[in-house]
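Open the model in your viewer and keep the selection panel handy. We will walk through some helix packing and then a couple of pockets.

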Amino acid sequence: MSSTPQGSRAQWNSRTGFILAAAGSAVGLGNIWRFPYITGENGGGAFVLVYLLCILLVGAPVMIAEIMLGRTARSSPVNAFRSLSSRREPWVGVGILGVLAGFVLLSYYSTVAAWAVHFTFLSLTDSIAGGSADAIKGLFDQLTGNVALGVGWQLGFLALTVGVVSAGVTSGIERCSKVMMPALFVLLLVLMANSFTLDGWNEGMEFLFGMRLESLTAQSVLEALGQGFFTLSLGMGAMITYGSYLSSKDDLTSASLATAGTDTLVAIMASLVLFPIVFTFGLEPGQGPDLLFVTLPTALAQMTGGAILSVLFFVMLVFAALTSAIAMFEVAAAYLQEEFGATRKKACLIAGAAVAAIGIPATANSQWFGVADNIVSNWLLPLGGLGVALFVAWRMDAALRRGEFEAGSRLAGFYGTWLWILKYPVPVCIVLVFLSAVGVL
Ligand code: TRP
């Protein structure tokens, strides 16, 4: 199952295996780190509602389109666009853009994942317990200021990612997702049960679900949409690649919805873990990226059992990050295999070296993170998503598209609705995001 010459392409062992791998890709730092802090920054409840609408009306339809593209073409994003359109058309650019976006994304994603590994280690060695807010801020500053330490953890994390991907689609990615995703869910449940016992639970619930429409701005709507793309791993070919290993008999539509649903559930659960803890100790949730690496440990440091909870939390975070990094890396690995006829191992080594080469400066230069995240999340991912939506809605062969949507699907009756959403509202929404990014809106 390693190298994939035409005709003997790897295939997931089961539909559940696919859903776990796709959910593994979707559930990541975006759910546990980004979602809670942007929800905090945008005032909670009303933002969550808009976010849910974005997932349902934009994210999920694009996810169906991506998985469909992969399964139809049975190839990586670049070749999927190539084989489903004619040579003279520019669609292939969407695939190429995706592969590039994946490299940039992994370069800073692994920086943050490395912080999670470091905090797991800090929790295990009891360095957090009892620490004051300043002391913990100091621990985080020490980490971001110590390039060798950050790069060390980052390379370890990347090596693990490369190792899993080079073991193959079923024996590496699927097997790993089957262990890590259920484990992640159990950890979340344990952490949520703990948060439920805290004084801050009600305040957390109220923050997350209470409607405060006044805190909702046009900017937060656009942020919700951007987060929708990011959290569902859309716009860079990851779902195309995973979809290319899906059996043509499986119900693609409901598998996509199951993936999007799991992702949303985890984002809500992670918030229900975090906000009660933060509120119980009178801290502020809207402090941006510091939420996980300063605010949370500060609260846990003061809590009975906080040391154990913090180990559980950061292990969960590492699992979430790892299954996502694996998906990002698989895009590059699959592309190199196909394009240059390399074996999976060789493709992984080359892609791994390339990721390390741009990842190390990413960790070393704290400015890169903000710049790269802005380029990827606000531009490349929505642009890729736009390309996928336009291609599938307006260019792809209609009979092929319908057949893929309906194959074995209980949701076949929604074909028309899905296509309409993909044709009009999705492109319009994405273009609005761009207009706002360039300051026209
Ligand atoms: N969805 C991931 C998260 O929430 C991040 C991500 C964006 C991603 N694009 C991706 C993961 C592509 C894998 C592949 O953290």
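Before the first stop, a word on axes: an axis here is a line fitted to C-alpha atoms, for helices over the stretch in contact, and angles run from 0 to 180 degrees between N-to-C directions. Keep in mind throughout that this is a predicted model.

**Stop 1: H2 and H13.** Select helix H2 (29–41) and helix H13 (residues 290–301). Their axes come within 9 Å and cross at roughly 80°. Angles of 65 to 115 degrees count as roughly perpendicular, and H2 and H13 are therefore roughly perpendicular to each other. Now show side chains: Ile32, Trp33, Pro36 and Tyr37 of H2 meet Leu291, Leu292 and Phe293 of H13. Colour this contact by class and you will find 7 nonpolar residues, with no polar and no charged ones.

**Stop 2: H12 against H13.** Keep H13 and add helix H12 (residues 252–280). This pair packs at an angle of about 55°, with the axes 9 Å apart, which makes H12 oblique to H13. The crossing is left-handed. On the H12 side, pick Leu274, Ile277 and Val278; on the H13 side, pick Leu291, Leu292, Thr295, Leu296, Ala299 and Leu300. Here the classes come to 8 nonpolar, 1 polar and no charged.

**Stop 3: the largest pocket.** Which residues lie nearest the centre of the largest pocket? Select Arg34, Gln219, Leu222, Glu223 and Asn378, which hold that place in a lining of 15 residues. The pocket has a volume of about 330 Å³. To see what frames the space, show H2, helix H10 (218–231), helix H16 (366–395) and helix H19 (425–437), the elements that give two or more residues to the lining. H10 provides the largest share, 5 residues. Coloured by class, the lining shows 5 nonpolar, 7 polar and 3 charged residues.

**Stop 4: the second largest pocket.** Move on to Leu56, Ile64, Leu257, Phe414 and Trp418, the residues nearest the centre of the second largest pocket, which is lined by 13 residues. About 220 Å³ of space lies in it. Bring H12 back into view along with helix H3 (45–73) and helix H18 (415–423), since each supplies at least two lining residues. Which helix gives the most to this lining? That is H3, with 5 residues. Finish by colouring the lining by class: 11 residues are nonpolar, 2 are polar and none is charged.

Definitions and conventions: Residues are numbered from 1 along each chain as its sequence is written. This is a predicted model: local features need pLDDT of at least 70, side-chain atom pairs count only at pLDDT 80 or more; totals for chains, interfaces and linings use all residues. Side-chain values use heavy atoms; hydrogens and water are left out. Helices (H or I, at least four residues) and strands (E, at least two) are DSSP runs, numbered from the N terminus. Angles under 35 degrees count as roughly parallel, over 145 as roughly antiparallel, 65 to 115 as roughly perpendicular and the rest as oblique. A crossing is left-handed if the near helix is turned anticlockwise from the far one by less than a right angle, and right-handed if clockwise. Contact means heavy atoms within 4.5 Å. Ala, Val, Leu, Ile, Met, Phe, Trp, Tyr, Cys and Pro count as nonpolar, Asp, Glu, Lys and Arg as charged, and the others, Gly among them, as polar. On a 1 Å grid over the protein atoms alone, a cavity is a set of points where a 1.4 Å probe fits but cannot get out, and a pocket is an open set with protein on both sides within 12 Å along at least five of seven lines; lining residues have an atom within 4 Å of a point. Grid points are joined across faces, edges and corners, and a volume is the space filled by probe spheres set on the points.
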